Amino acid sequence: MIEFLVSLALAVVLAWPLGRYLAAVMRGGPAPGDRVFARLERPLYRLLGVDPTVGMGWKAYAGAFLASNVVLLVLATAVFMLQAWLPLNPNGAPNMRWDLALHTAMSFLTNTNQQHYAGQAQLSHLAQMTAIVGLQVATPMMGLALVVATLRGLFGGRAALQTGPDLHVAPDVVAASAGDARRRIAAHVDVGNYWADVIRPTVRVMLPLCLLWSLLLTAQGVPSTLAGGPEATPLDTNAEMTHQKIPLGPVAAMVAAKQLGSNGGGWYGPNSATPLENPTPLSNLLELLAIVLLPVSVVAMVGRFTGRRRFAALVFGCMLAMSLLSGAAALWAERHGPAPVEAALMEGKEVRFGVDASAAWAALTTQVNNGSVNMMHDSAAPLTGLVAMGNMLVNAIWGGIGCGLQQFLVYLLLAVFVAGLMTGRTPELFGRKIEAPEVRLLAVLVLLQPVVLLGLTAATLAMPSLAGTSNPGAHGIGQVFYEYASAFANNGSGFEGLADASMWWNLTTTAALALGRYPALVLPLVIAALLAAKRAAPESAGTLRIETPTFGLTLLAIVAVLTLLQFMPVLVLGPVAEHLALASAHAGT
């Protein structure tokens, strides 16, 4: 518990200055380091052929986001399928099969890093450094760009955030009919420039932090070399293995990017449970801190960016409350499993970390869309697995960089709508009414999660030969549901033991990855643009006050109902049933 609280406290302390800096960077005005960073950014804008000062409507913004993702998907898939014939392949990694290459590319493109391969054996250094680390750096900044554009829309557009609430649109737009005018105004609301919103934080925040963390991890013994690695003679001669090649590489840079960017994919199959990625207690603390640092900083950015400090306090307070509750539940569950025997507690864990540090990591890595592990979640206590699943279903306890706040805004809009109906007031957020078009889009987001997760889980369990679970009964259900929940939440962690490198798992989880990423980022932007097209009404005595503890509790209740309760049947059939079965078996011995 101490390591969990220390990591969270350090993240909060560091997040305030970093959040202020992020706000300055994303506002596009003067920011510290302009003289240096502008020289790095200008060639990138020229290469892309874009003007970073030109604003975009939501259609152009979303179009640029989707187009960039399609290009990166094609390039990354090609690298994976051709890596055996490309340079920097000292360990002789073979080409990936097309379905595994597609899943891997989509996984890293969606900031998920769900791995159906062992990186040290199936990826070349070139693939790791370009298609893997490159996406680990760029994709979290894409999530940040989308949530910043959404915030601009919620407050009336970029100009409104800088100068006031008045929205200026072209005369031909206003001249249209009432219904059509609103849609056309929404399409013209300036939500920023996508390319600037991605490049500025990448160059000014993500890359400097990755460099710093790479040096710190290298100092702790994480490999940082282009060599293929030495060969060693095993101590156990009964293993019928005369020598073993220890794969090395530029691991420190990848680990820094995976943790800071809420990515999670490991250079090695065991991820941060292996000493080559996480050799010391200090490296464990550094990586644990890196998981949550930028997501908390994005929340700290909100007040400075929007000028609504109390709104930022609401977001921070709700997320912190959920984080503490989740962390305490994971630590308690792992310490008080159904069979509290030390051997059972340490199954699947590194002895050098122990139970508490492992449970703390499991809590934080699923509160954030990170998914890295320093223990095997498949061996965790059933209720610890339940906590991890709950974190991913909520997907807004800090969440990924930008993605977590974007999902929180969805819950916020739903809470405003429900609270307005309960109190007899017209639902409105920041003076703009939430009406049928916005509610329909919110309904799509609410229904998409259970349809995808429950549908794919049911289809997989109905065909046991496709599921490939290593455990029968309740744990097998948990394995399948966890894999799809992790993919849809863009988390990437998993209950290992699945035959997940099969065609079925690669293709179905690829679909879950895409459906969990793109609607969740784009549809809130559309809703924000629709709201921005409406005239903002001044606050009055009848205005619903959202920046209050009462509304915060309402919002948390909405989160619980929409995520945990609607998935209660599958959670009961999975981890809860497993816990009760183990407790019953232990009581009978």
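Me: How many of the 12 residues of α4 are buried?

Reply: In this predicted model, 10 of them are, so α4 is largely enclosed by the rest of the structure. The buried ones are Asp 99, Leu 100, Ala 101, His 103, Thr 104, Ala 105, Met 106, Ser 107, Phe 108 and Leu 109.

Me: What do the buried residues of α4 pack against?

Reply: Four helices: α3, α5 (119-122), α6 (125-154) and α21.

Me: And what span does α4 reach from its first C-alpha to its last?

Reply: The span is 16 Å for 12 residues, close to the 16 Å expected at 1.5 Å a residue. Just past the helix comes Asn 111, with a positive phi near 65°.

Me: Trp 98 isn't in your buried list. Where is Trp 98 found?

Reply: Trp 98 belongs to α4, which covers residues 98-109. With a relative accessible area of 44%, Trp 98 is partly exposed. It also helps make a nonpolar surface patch of about 690 Å², together with Met 81, Leu 82, Trp 85, Leu 86, Met 503 and Leu 507.

Me: Which helices each supply at least two residues of that patch?

Reply: α3 (58-82) and α21 do. Those two are also among the helices that the buried residues of α4 pack against.

Me: OK, zooming out. How many helices and strands does the chain have?

Reply: There are 23 helices and 4 strands. The radius of gyration is 24 Å, close to the 25 Å the globule rule gives for 589 residues, so the chain is as compact as a globular protein of that length. Along the principal axes, the C-alpha atoms fill a box of roughly 85 × 60 × 45 Å.

Me: What share of the residues count as buried?

Reply: 58% of the 589. As for the outside, the chain exposes about 22,700 Å², and carbon and sulfur atoms supply 68% of that.

Me: And the contacts with a separation of 6 or more, what share of them comes from residues 24 or more positions apart?

Reply: Those account for 79% of them.

Me: Switching to charges. How many salt bridges does the count come to?

Reply: The count is 12. One of them pairs Lys 258 with Glu 277, where the closest N and O atoms are 2.6 Å apart. Lys 258 sits in helix α11 (residues 251-260) and Glu 277 in the loop between α11 and α12 (281-306), so this pair ties together parts 19 residues apart in sequence.

Me: Are Lys 258 and Glu 277 buried or exposed?

Reply: Both Lys 258 and Glu 277 are buried. For a pair with other surroundings, take Arg 352 and Glu 350, whose side chains meet in a salt bridge at 2.5 Å, N to O. Arg 352 is partly exposed at 35% relative accessibility, and Glu 350 is partly exposed at 23%.

Me: Which residue does Lys 534 form a salt bridge with?

Reply: Its partner is Glu 435, with the closest N and O atoms 3.0 Å apart. Lys 534 is in the loop between α21 (503-532) and α22 (549-564), while Glu 435 is in the loop between β4 (432-433) and α18 (436-461), so the bridge ties together parts 99 residues apart in sequence. Lys 534 is buried, at a relative accessible area of 8%, whereas Glu 435 is partly exposed at 32%.

Me: Which residues do shared partners join into one network?

Reply: Asp 34, Glu 41 and Arg 204.

Me: Now Arg 158. Where is it found?

Reply: Arg 158 is in helix α7 (residues 158-163). It counts as buried at 18% relative accessibility. Leaving aside neighbours within four places in sequence, Arg 158 is in contact with Thr 53, Val 54, Gly 55, Arg 152, Asp 190, Gly 192 and Asn 193.

Me: Back to backbone oddities like Asn 111. What is the phi of Asn 395?

Reply: About 60°, so to speak on the positive side, although Asn 395 is not a glycine. Most residues other than glycine have a negative phi. Asn 395 is placed in the loop between α16 (382-394) and α17 (403-423), and it is buried at 14% relative accessibility.

Me: And what about the phi of Phe 430?

Reply: Phe 430 has a positive phi too, near 55°. Its place is in the loop between β3 (428-429) and β4. Phe 430 counts as buried, at 14% relative accessibility.

Key
Residues are numbered from 1 along each chain as its sequence is written. This is a predicted model: local features need pLDDT of at least 70, side-chain atom pairs count only at pLDDT 80 or more; totals for chains, interfaces and linings use all residues. Side-chain values use heavy atoms; hydrogens and water are left out. A salt bridge is a side-chain nitrogen of Lys or Arg within 4 Å of a carboxyl oxygen of Asp or Glu. Buried means under 20% relative accessible area, exposed over 50%, partly exposed in between (1.4 Å probe, protein chains only). Patches are made of residues with over 30% relative accessible area and no salt bridge: like charges are joined within 9 Å, nonpolar side chains (Val, Leu, Ile, Met, Phe, Trp, Tyr) within 5 Å. Accessible areas come from the Shrake-Rupley method with a 1.4 Å probe; for residues, only the protein chains shown count as cover. The expected span of a helix is 1.5 Å times one less than its number of residues. Contact means heavy atoms within 4.5 Å. The radius of gyration is taken over C-alpha atoms; the globule rule is 2.2 Å times the number of residues to the power 0.38.
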